[in-house]
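Let's take a walk through this protein together, one stop at a time. Keep the 3D view open and turn it as you read.

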Amino acid sequence: MIALFLATLAGLCAMMAIGWAVQRSTRATGWIDVTWSLATGLAGIVLSLWPLAWATGSGAVTDRQIVVAVLVAIWSARLTWQLTVRTLHKPDDARYAKLRDEWGADYDKRIFFFLQIQAVCALLLALSHFFAARRPGELDAADAAGILILLVAMGGAYLADAQLHRFATNPANRGKICEEGLWAWSRHPNYFFEWLAWLAFPMIAIDLSGAYPWGWGALVGPAFMYWLLVHVSGIPPLEEHMLRSRGDAFRDLRRRVNAFFPWPPKRQTSN
């Protein structure tokens, strides 16, 4: 099993090295996130489908392994496509542009090692797929609930992206902040639904009877993704950019609208 994880990590490191080379040659940093989403999906599919007799009782691939692998493929395909379209229209990501300014001449070297850290993060996330795929037994209601969670998350993410695109492409909204639809209930509904998708895997993995204690390991995915999105690479740098570009308008939004979990906005108070 350790050999499987090490081989998967080696593959992730190689893919992120390719992503580094592509962004270096094109100067389009958006390809970094495209590569990461594709690499994480491939790692999850491999870890889901790889036969392990200790977990399943035989070397055969189970129905649950196939279900988890398909869910991972759906998640990865949607995110990879969305990031690819975004990169083709807006090649430079504000987060990486800021790092380029901060790191100066050392940017190419430091970003390479930064992407290798992202490879390790991808492996930690893919452990959710690994543990979910190996819960023993026939498909049951927990699998159906996991499928439903992921489909709801994909639908919510699509709706949030569509609402933001419609708002951003309207010339009347130039310089304004989107507060339409889901964006009136959360400052980052796209991040929320991205996180929600990861709850599908512990839903499938955890056996409350205690017969499969390894299933609790699937919680590493949503826990780690929440930490990344809310405290590290998602909300903090994006909101720092919004504060610089939108100023008081964004400060007002922060007072009224939840950052992550959707919730009815606070009413504006008159002065």
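In this predicted model, α5 passes α6 in a right-handed crossing. To find the pair, look for residues 94-103, which form α5, and residues 107-133, which form α6. Their axes are 9 Å apart and the helices pack at an angle of about 135°. Angles over 145 degrees would count as roughly antiparallel, and 65 to 115 as roughly perpendicular. That's why α5 and α6 are called oblique to each other.

So which residues in α5 and α6 meet? On the α5 side you'll find Tyr96, Leu99, Arg100 and Trp103, and on the α6 side Tyr107, Arg110, Ile111, Phe114 and Gln118. Sort the residues of this contact by class and you get six nonpolar, one polar and two charged.

Stay with α5 a little longer. Tyr96, Leu99 and Trp103 are buried there. Because these residues cover an arc of only 55° around the axis, they sit on the same side of α5. And what do the buried residues of α5 pack against? They pack against α2 and α6.

Next, follow α6 to Leu123, which is found in that helix. Leu123 has a relative accessible area of 13%, and buried means under 20%, so Leu123 is buried. Leaving out residues up to four places away in sequence, Leu123 touches Phe5, Thr8, Leu9, Leu12 and Leu47. For a sense of distance, try Lys176: Leu123 and Lys176 are 53 residues apart in sequence, and their C-alpha atoms are 38 Å apart in space.

Now hop over to α2, made of residues 30-49, where you'll find Ala39. Is Ala39 buried or exposed? Its relative accessibility is 1%, so Ala39 counts as buried. If you set aside its neighbours within four places in sequence, Ala39 is in contact with Leu12 and Met15. You've already met Leu12, since Leu123 touches that residue too. Another residue to look at is Met16: Met16 and Ala39 are 23 residues apart along the chain, with 7.7 Å between their C-alpha atoms.

Between α1 (2-26) and α2 there's a loop, and Arg27 lies in it. Check its backbone: phi of Arg27 is near 60°, a positive value in a residue other than glycine. What makes that worth a second look? Most residues other than glycine have a negative phi. As for the surroundings, Arg27 counts as partly exposed, because its relative accessibility is 39%.

For the last stop, go along the chain to α11, residues 235-246, where Glu239 has its place. With a relative accessible area of 5%, Glu239 is buried. Not counting residues up to four places away in sequence, Glu239 touches Arg187, His188, Phe250 and Arg254.

Phe250 takes us into α12, which covers residues 248-256. The buried residues there are Phe250, Leu253 and Arg256. Look down the axis of α12 and you'll see that its buried residues fall within an arc of 120°, so they line one face of the helix. Where do the exposed residues Asp248 and Arg255 sit? They're on the face of α12 turned away from its buried side. The buried residues of α12, in turn, pack against α11.

Technical notes: Residues are numbered from 1 along each chain as its sequence is written. This is a predicted model: local features need pLDDT of at least 70, side-chain atom pairs count only at pLDDT 80 or more; totals for chains, interfaces and linings use all residues. Side-chain values use heavy atoms; hydrogens and water are left out. Axes are lines fitted to C-alpha atoms, for helices over the stretch in contact, and angles run from 0 to 180 degrees between N-to-C directions. Helices (H or I, at least four residues) and strands (E, at least two) are DSSP runs, numbered from the N terminus. Angles under 35 degrees count as roughly parallel, over 145 as roughly antiparallel, 65 to 115 as roughly perpendicular and the rest as oblique. A crossing is left-handed if the near helix is turned anticlockwise from the far one by less than a right angle, and right-handed if clockwise. Contact means heavy atoms within 4.5 Å. Ala, Val, Leu, Ile, Met, Phe, Trp, Tyr, Cys and Pro count as nonpolar, Asp, Glu, Lys and Arg as charged, and the others, Gly among them, as polar. Buried means under 20% relative accessible area, exposed over 50%, partly exposed in between (1.4 Å probe, protein chains only). The arc is that of the directions from the helix axis to the C-beta atoms.
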